Amino acid sequence: MNERELEEGEETKGLVSNGAAMVVSRLLTAVFGWAGSVVIARTLSPESWGQYSFVFGLLGIMAVVTDLGVGRVVISRLTGAEQKDFGPVAGSFIVLRCVLGIAGYLVALAYSLIVGLSPMVVMVVAIAGTTVTLATPANALLVLFQSRLKLVFLATWDVIAQIVQFLLILLVMKTHPTLLAFVLPAIAREVVTVGVRIIAIRTGKLDGRVPTYGAVFGLWGPMLREAIPISIGLALLTILTKIDTLMLERLDTYESVGLYAIGYKFSDVLILAVSALAVPFTTVLVRAWGADTDTFRQRTRQAMTVAALLGGLAIVGFVSAAEGVIGLLYGAQFEPASNAARLLVMSSAISGVTTIGWVVLVSAEKLKVFPWVAGLGVVLNIALNSVFIPLWSIMGAAGATIISELVIFFAFLYMARQSTGITRLIPVTQLARQGLLIAAVTAPTWALINKAGWPWIPTVAAACVLHLALSVVSKSFDVGDRIKFLAPKEPGDIDSPVEATTNSRSANDE
């Protein structure tokens, strides 16, 4: 086994352990977050739940200010940094993110005052906004661990922090179930998260690498200049995913915002899983770009097929039984959100693969392309929402979202292929097969539940197992190749076309 194969094997092990830990962590945090939202939605009035959803939707869009794409720039600086170089870059980055977190908080508060929100909602924004000032440096610390592919420890504590939030939500429900009180558990979660990450760095979890703060401001200029295109692109993508909630508040009612938020609770689970998957893949793609085209292609295809499979399972598992799931968790009063939730889950399935597409563009430093594609989606989304929301309320907002996601899906994948110049970068055949399988499994499952009256829980479970099996059989997700890829290679081993490396360039690949 040569040195390259050993390095590839170690990289793969790191990807699998870190990727699996992050995906499982995000799914578990989503489950507990979901459970917390069920408690809050069932406890508060429809208007108060709508206000709660609006406030956290507003804070979510503050990533426009707090992220600025600097993390993607810093990853490339930290990945190969020696210990002496790691500290100054990390320290400068952390302080910058702290400043951006404060800026995001002030922007959110200013928006709530400028648009004339009620005093109660402004107060909720002022209190809940502290989560932004805590989460922003916490995300900076995550980037440090990401650069070294040491995410398992953080993934475990993210789940613990979410459990703390859930337990506090139950305590609030029993003792003081008000809108303001339900904000406090979210703050507690961020305190636990940032505290654990600080302690982890101080106790040597990064192999002794620690941030230093001797030249904090000196690197801000280069970081921000490099990040400008990414900043614009990420800001536009954030607006794309959050603007519908703000437009609903302006063009409709808080009750509509609350119903719409139910749909997002389900679609966000998938987004969390795919974004977790993208974290370790980003590190590997940044390393491979310009130095190892085969690895860059291989990891991109791998990430896209996994993202597509996750999206397919989400659609099969939710679309057929949306009313049953929402009614069981949130109560019959929220079942009118079912159709909008279906569209949002389908949008998230599309967005999952798109996420890998923009990770490819950022990793390959094709930064000028990124903002234009994101901007196209935002303009289209705002235009469609302006027409659709007054006509169809939450269904209009969901319809605008799925149309916009489809457009940027094709745009991002096309630009990723064209701008990198790497052939066979996009697993077109696998994605097409996955789409056909989704339709083939979802349609009869929907009919069995909604027309024939079959119980939805066992029917959906069987459908998901069937979809996974068909994905493997049809090779839209080839688990056999992935198992083989994890195993140490012997000289002469032949990789699959999907996972092509320098040892094999199959003519049968697309």
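Q: What makes the contact between D294 and R297 a salt bridge?
A: The term requires a side-chain nitrogen of Lys or Arg within 4 Å of a carboxyl oxygen of Asp or Glu. In this predicted model, the closest N and O atoms of D294 and R297 are 2.9 Å apart, so the pair meets the definition. Both residues belong to helix α12, three residues apart, about one turn of the helix; helices are DSSP runs (H or I, at least four residues) numbered from the N terminus.

Q: How is the reliability of the model handled, and how are residues numbered?
A: Local features need pLDDT of at least 70 and side-chain atom pairs count only at pLDDT 80 or more, while totals for chains, interfaces and linings use all residues. Residues are numbered from 1 along each chain as its sequence is written, and side-chain values use heavy atoms, with hydrogens and water left out.

Q: Why is E249 called buried or exposed?
A: Buried means under 20% relative accessible area, exposed over 50%, and partly exposed in between (1.4 Å probe, protein chains only). E249 has 10% relative accessibility and therefore counts as buried.

Q: Why does R250 fall in its accessibility class?
A: R250 has 47% relative accessibility, so this residue counts as partly exposed. The side chains of R250 and E249 meet in a salt bridge, at 2.8 Å from N to O.

Q: What makes E190 and R189 a salt bridge?
A: Their closest N and O atoms are 3.1 Å apart, and the pair therefore satisfies the definition of a salt bridge. E190 and R189 are both buried. The structure holds five salt bridges.

Terms used
Helix = DSSP H or I, 4+ residues; strand = E, 2+ residues; numbered from the N terminus.
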